[in-house]
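Please examine the sequence and the three-dimensional model shown below. The paragraphs that follow lead through its sheet, its core and its charged contacts.

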Amino acid sequence: MHRDAWLPRPAFSVTGLSLFFTLVPSGWSMEVTVPHTLNILNGSDARLSCTFNSCYTVNHKQFSLNWTYQECSNCSEEMFLQFRMKIINLKLERFRDRVEFSGNPSKYDVSVTLKNVQLEDEGFYNCYVTNPPDRHRGHGKINLQVLLEEPPERDSTVAVVVGASVGGFLAVVILVLMVIKCVRRKKEQKLSTDDLKTEEEGKTDGEGNVDDGTK
């Protein structure tokens, strides 16, 4: 029995489109990238990958992270790991010592590893990221499914080669879009700050004029 997690190998067309729509910036929210569905062999270790894109470097004094677990999509969430100046493993009875932080916030990676996966670990895992001065909180959700046996191997050499070529092109496009988005976001936040200062100065001037009139 292999100890490594098994990931499904979809066709190239699905992989390329999924990669593009998952990573291309949408609106002004922070982008968090996770595998939407993760198939893991029972008894193996699962890396719950969670990475994020932000226009700002990570300041550990302001950065925050929450990992939660849900038995079903509508069930209440149980927090099992967080970052507040440092990694805090809450060691839920469900997981005990099987959760290990395997990311690096400075590199925009906040992944965790769940060791010795069991059937009862199936469910939804939420990754919440906040990186001030970015005003938006990012969120990614992973559906973890536990397999009792490893699926048969499939030859996907052609799909991998073609997918890698298109993936490289998409990576360049995404990088350009991210740079443009970051420039726009910083300008937007600067304008908002300037408008606020102007408004405050206007109020101060108004109060001063009233005072001058009464003298």
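Strands are DSSP runs of E with at least two residues, and they are numbered from the N terminus. By that numbering, Ser-64 is found in strand S5. The model is a predicted one, and Ser-64 offers a convenient point of entry. With a relative accessible area of 16%, Ser-64 is buried, because buried here means under 20%. Leaving aside residues up to four places away in sequence, Ser-64 touches Phe-83, Arg-84, Tyr-128, Val-129 and Thr-130. A further reference point is Lys-86, which lies 22 residues from Ser-64 along the chain, with 9.1 Å between the two C-alpha atoms.

Strand S5 belongs to an open sheet of six strands, whose order is S2-S11-S10-S5-S6-S7 and whose pairing is mixed. The edges of this sheet are formed by strand S2 (37-41) and strand S7 (87-89); each has a single partner strand, so one side of each is left without a neighbour in the sheet. From one strand to the next, the twist averages 20°. Strands of a sheet pair through backbone hydrogen bonds, either parallel or antiparallel.

The sheet may now be followed from the S2 edge. S2 pairs with S11 in the parallel sense over five bridges, and Leu-41 stands opposite Leu-147 in S11. Although S2 stands at an edge, four of its five residues are buried, and the strand is mostly covered. S11 (residues 137-147) in turn pairs with S10 (residues 123-130) in the antiparallel sense, over eight bridges. Within S11, Gly-140 is the residue opposite Cys-127.

On the other side of the order, S5 and S6 run antiparallel and are joined by six bridges. Here Trp-67 stands opposite Leu-81 in S6. Leu-81 also has a bridge partner in S7, namely Asn-89. S6 and S7 themselves pair in the antiparallel sense over three bridges. Their hairpin has two residues between the strands, and in it Met-85 takes a positive phi near 75°.

Attention now turns to the packing of side chains. In soluble globular proteins, nonpolar side chains tend to be buried together. The largest nonpolar core in this model has 30 residues, and those with the most contacts inside it are Leu-65, Trp-67, Phe-80 and Tyr-125. The elements that give two or more residues to this core are S2, strand S3 (46-48), strand S5 (64-70), strand S6 (78-84), strand S9 (112-114), S10 and S11. Which residues does Phe-80 touch, not counting those up to four places away in sequence? They include the aromatic residues Trp-67, Tyr-69, Phe-95 and Tyr-125, together with Ile-88, Leu-90, Leu-92, Val-99 and Val-112. Thr-68, Asn-89 and Lys-91 are also among the residues that Phe-80 touches.

A polar residue can be followed within the sheet as well. Asn-126 lies in strand S10. Is Asn-126 buried or exposed? Its relative accessible area is 0%, so Asn-126 is buried. The side chains of Asn-126 and Gln-70 are joined by a polar contact of 2.8 Å. Beyond residues up to four places away in sequence, Asn-126 touches Gln-70 along with Asn-66, Trp-67, Thr-68, Glu-77, His-139, Gly-140 and Lys-141.

The charged contacts complete the picture. The structure holds seven salt bridges. One of them joins Asp-109 to Arg-47, with the closest N and O atoms 3.2 Å apart. This pair links distant parts of the chain, 62 residues apart: Asp-109 is in the loop between strand S8 (99-101) and S9, whereas Arg-47 is in strand S3. Asp-109 counts as buried at 17% relative accessibility, while Arg-47 is partly exposed, with a relative accessible area of 37%.

Other salt bridges involve exposed residues. The side chains of Lys-91 and Asp-97 meet at 3.6 Å, N to O, and both of these residues are exposed. Glu-93 forms a salt bridge with Arg-96, in which the closest N and O atoms are 2.8 Å apart; Glu-93 is exposed, and so is Arg-96. Finally, Glu-71, Glu-78 and Arg-94 are joined into one network by salt bridges that share partners.

Definitions and conventions: Residues numbered from 1 in each chain as written. Predicted model: local features only at pLDDT ≥ 70, side-chain atom pairs only at ≥ 80, totals over all residues. Heavy atoms only, no water. Pairing = 2+ DSSP bridges. Axes fitted to C-alpha atoms, helices over the stretch in contact; angles between N-to-C directions. Core = buried A, V, L, I, M, F, W, Y, C linked by side-chain atoms within 4.5 Å. Buried < 20%, exposed > 50% of the residue type's maximum accessible area, 1.4 Å probe, protein only. Contact = heavy atoms within 4.5 Å. Polar contact = N/O pair within 3.5 Å; in protein donor to acceptor, adjacent residues only side chain to side chain. Salt bridge = Lys/Arg side-chain N within 4 Å of Asp/Glu carboxyl O.
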